[in-house]
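Please work through the exercises below with the sequence and the structure in view. Each task is followed by a worked solution.

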Amino acid sequence: MVEKRLHAGHPMGAVVHRADCTVIQRDVNPIGVGDARQALTGDGKFFHACELCCPEAHLGIPE
Ligand SMILES: [Zn+2]
């Protein structure tokens, strides 16, 4: 499972986390694996993978 964190007013947009990420400090909206993969492989200007929990590796996305 992957979640995304929305930064209010943050220019980088949303950060995608793994569900067990320990650095999530704000409210998150749970999203499915398919949605997370699509978010990270689609328009990279809004969604970003968390650098600590590396959701892209969890999803099998080569970087
Ligand atoms: Zn994370």
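The exercises concern a predicted model and go from its overall layout to single residues.

**Exercise 1. Confidence**

Task: State what pLDDT the chain averages, and find where confidence is lowest and where it is highest.

Solution. Step 1: The average pLDDT over the chain is 79. Step 2: A score of at least 70 is reached by 75% of the residues. Step 3: Confidence is lowest in strand β1, residues 2-6, where the mean is 64. Step 4: It is highest in helix α1, residues 33-41, where the mean is 88.

**Exercise 2. Layout of the chain**

Task: Determine how many helices and strands the chain has, and in which pattern they follow one another.

Solution. Step 1: The count is 2 helices and 4 strands. Step 2: Along the sequence these elements are arranged as β-β-β-α-β-α. Step 3: For contacts with a separation of 6 or more, 52% join residues that are 24 or more positions apart. Step 4: The chain has 63 residues, of which 27% count as buried.

**Exercise 3. A pair of strands**

Task: Describe how β2 and β4 pair, and identify the bridge partner of Val16.

Solution. Step 1: Strand β2 covers residues 14-18, and strand β4 covers residues 47-49. Step 2: The two strands pair in the parallel sense, over 3 bridges. Step 3: Within β4, Ala49 is the bridge partner of Val16. Step 4: Strand β2 is mostly covered, since 4 of its 5 residues are buried.

**Exercise 4. One face of a helix**

Task: Identify which residues of α1 are buried, and explain why they line one face of the helix.

Solution. Step 1: The buried residues in α1 are Ala36, Ala39 and Leu40. Step 2: Viewed down the helix axis, these buried residues fall within an arc of 90°, so they line one face of α1. Step 3: The general rule is that an α-helix has 3.6 residues a turn, so residues three or four places apart point the same way.

**Exercise 5. The nonpolar core**

Task: List the residues of the largest nonpolar core, and determine which element gives the most to it.

Solution. Step 1: The largest nonpolar core has 8 residues: Val15, Val16, Ile31, Ala36, Ala39, Leu40, Phe47 and Ala49. Step 2: Two or more residues of this core come from each of β2, α1 and β4. Step 3: The element that gives the most is α1, with 3 residues. Step 4: In soluble globular proteins, nonpolar side chains tend to be buried together.

**Exercise 6. Two glutamates**

Task: Decide for Glu56 and for Glu51 whether each counts as buried or exposed.

Solution. Step 1: Glu56 is located in helix α2, residues 55-58. Step 2: Glu56 counts as buried because it has 20 C-beta neighbours inside 10 Å, and 20 or more is the cut-off for a buried residue. Step 3: The C-alpha atoms of Glu56 and Val16 are 8.7 Å apart, although 40 residues separate the two in sequence. Step 4: Glu51 is located in the loop between β4 and α2. Step 5: Glu51 counts as exposed because it has 8 C-beta neighbours inside 10 Å, and 12 or fewer is the cut-off for an exposed residue. Step 6: From Glu51 to His17 the C-alpha distance is 8.8 Å, with the two 34 residues apart in sequence.

**Exercise 7. Cys54 and Val28**

Task: Locate Cys54 and Val28, and find what is notable in the phi of Cys54.

Solution. Step 1: Cys54 belongs to the loop between β4 and α2. Step 2: Its phi is positive, about 45°, although Cys54 is not a glycine. Step 3: Cys54 is partly exposed, because 15 other C-beta atoms lie within 10 Å. Step 4: Val28 is in strand β3, residues 28-31. Step 5: Val28 is likewise partly exposed, with 18 other C-beta atoms within 10 Å. Step 6: A distance of 9.6 Å separates the C-alpha atoms of Val28 and Val15, which are 13 residues apart along the chain.

Notes:
Residues numbered from 1 in each chain as written. Predicted model: local features only at pLDDT ≥ 70, side-chain atom pairs only at ≥ 80, totals over all residues. pLDDT = per-residue confidence, 0-100. Arc of directions from axis to C-beta. Pairing = 2+ DSSP bridges. Contact = placed C-beta atoms within 7 Å. Core = buried A, V, L, I, M, F, W, Y, C linked by C-beta atoms within 7 Å.
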